[in-house]
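Thanks for coming, everyone. Please bring up the model on your screens, and I will walk you through it.

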Amino acid sequence: MLPWKRLLRPLTALLLTAVVAVVPAATAHAAAPSSGWNDYSCKPSASHPRPVVLVHGTFANSIDNWLAFAPYLEDRGYCVFSLDYGQLPGVPLFNALGPIDKSAEQLQAFVDKVLAATGAAKADLVGHSQGGLMPRYYLKFLGGAAKVNTFVGIAPDNHGTTLDGLTNLLPYFPGAEDLLSAATPALADQIVGSAFLTKLNAGGDTVPGVHYTVIATKYDEVVTPYRSQFLTGSDVHNVLLQDLCPVDLSEHAAIGLLDRIAFHEAANALDPAHATPTNCASVFS
């Protein structure tokens, strides 16, 4: 192979990554304007009859996790809402650190609030990282399946994470696991084999009536191994980002924060009747 051909693939990947980061929202398809992000006067349209609730990841919040994706959905005419959850007493700024089952109760209350305000019968959920895991508890144990149509998890740790094997070292440090559980329960809940995950995944990954989509990247350095993110069930669509665009280099943070290819696939899941193929060109959609 000629040297320039060897360089073509990585150069293409770098170019795509740059485009994903800088393509402005102005390139989005024209759509009927929504009433805004977290605007409780927003009423869902006939084309998008369900509000979308965005669920942030560990350490994040309702704003910073969705600075790109929330406007992306707004531009397409959705009513978009996001919540903060999992706060620990005395720990400002950083959310999603409390016990995940308690965070699911916060999500339950928030969805009820959104449905009451919008008049919709059901909502759709999109979550990143822990936000792609925690709602499954709401769906399975807190009655959420009756109030949610579609759930999209972007880089979720559905079966826990090994953090590239680092969690396997915890038993070698006496008291480390107890300290982790006491100080940051959500982190302990997300480790492979935790009591929370054992309960959540017992009897199957999904519940009837909800359409599940999982979008993962093979470059995920936080949720490892990345295939542990995928779900098993009769109504599940598991997607590997690199199957859609082989040169997409997004890792755990980027896939949820700025990757318009992942955004396009998530939008397809929210509106499958009008889905269009997702590929590298989706950065311009």
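**A walk along helix α3**

Let me start at the end of a helix. Right after α3 comes Gly-119, and its phi is positive, near 80°. Keep that helix in view, since most of this talk is about α3.

First, a word on what you are looking at. This is a predicted model. The protein has 10 helices and 6 strands. It has 285 residues, and 51% of them count as buried. Now take the contacts between residues at least 6 apart in sequence. Of those, 74% join residues at least 24 apart. As for the outside, the protein exposes about 12,600 Å², with 65% of that supplied by carbon and sulfur atoms.

Back to α3. It runs over residues 100–118, which makes 19 residues. At 1.5 Å a residue, the helix should span 27 Å. The C-alpha atoms at its ends are 27 Å apart, so expectation and model agree.

Which residues of α3 are buried? Here they are: Ile-100, Ser-103, Ala-104, Leu-107, Phe-110, Val-111, Val-114, Leu-115, Ala-117 and Thr-118. Around the axis they cover an arc of only 155°, so they sit on the same side of α3. There is a general point behind this kind of pattern. An α-helix has 3.6 residues a turn, so residues three or four places apart point the same way.

What covers the buried residues of α3? The cover includes three strands: β1 (52–55), β2 (80–83) and β3 (123–128). It also includes the helices α4 (134–141), α6 (185–189) and α7 (195–201).

Next, charges. Side chains of opposite charge can pair when their charged atoms come close. In this protein the count comes to 3 salt bridges.

Take Glu-105 and Lys-102. Their side chains meet in a salt bridge, at 3.8 Å from N to O. Both residues lie in α3, 3 residues apart, which is about one turn of the helix. Are they buried or exposed? Glu-105 is partly exposed, because its relative accessibility is 38%. Lys-102 is partly exposed too, at 45%.

Now Asp-112, which pairs with Lys-147. The closest N and O atoms of this salt bridge are 2.7 Å apart. This pair links distant parts of the chain, 35 residues apart. Asp-112 is in helix α3, while Lys-147 is in the loop between α4 and β4 (148–154). Both count as partly exposed: Asp-112 has 30% relative accessibility, and Lys-147 has 28%.

The remaining pair is Arg-50 with Asp-124. Here the closest N and O atoms are 2.9 Å apart. Arg-50 lies in the loop between α1 (3–22) and β1, and Asp-124 lies in strand β3, so the bridge ties together parts that are 74 residues apart in sequence. Asp-124 is buried, with a relative accessible area of just 1%. And remember β3: that strand is also part of the cover over the buried residues of α3.

Last stop, the surface. Which residues make the nonpolar patch? They are Phe-59, Val-91, Leu-93 and Phe-94, and the patch is about 400 Å². Look at Phe-94 in particular. It lies in the loop between β2 and α3. With 43% relative accessibility, Phe-94 counts as partly exposed.

That brings us back to α3, where we began. Over to you for questions.

Technical notes
Residues are numbered from 1 along each chain as its sequence is written. This is a predicted model: local features need pLDDT of at least 70, side-chain atom pairs count only at pLDDT 80 or more; totals for chains, interfaces and linings use all residues. Side-chain values use heavy atoms; hydrogens and water are left out. Helices (H or I, at least four residues) and strands (E, at least two) are DSSP runs, numbered from the N terminus. The expected span of a helix is 1.5 Å times one less than its number of residues. Buried means under 20% relative accessible area, exposed over 50%, partly exposed in between (1.4 Å probe, protein chains only). The arc is that of the directions from the helix axis to the C-beta atoms. Contact means heavy atoms within 4.5 Å. Accessible areas come from the Shrake-Rupley method with a 1.4 Å probe; for residues, only the protein chains shown count as cover. Patches are made of residues with over 30% relative accessible area and no salt bridge: like charges are joined within 9 Å, nonpolar side chains (Val, Leu, Ile, Met, Phe, Trp, Tyr) within 5 Å. A salt bridge is a side-chain nitrogen of Lys or Arg within 4 Å of a carboxyl oxygen of Asp or Glu.
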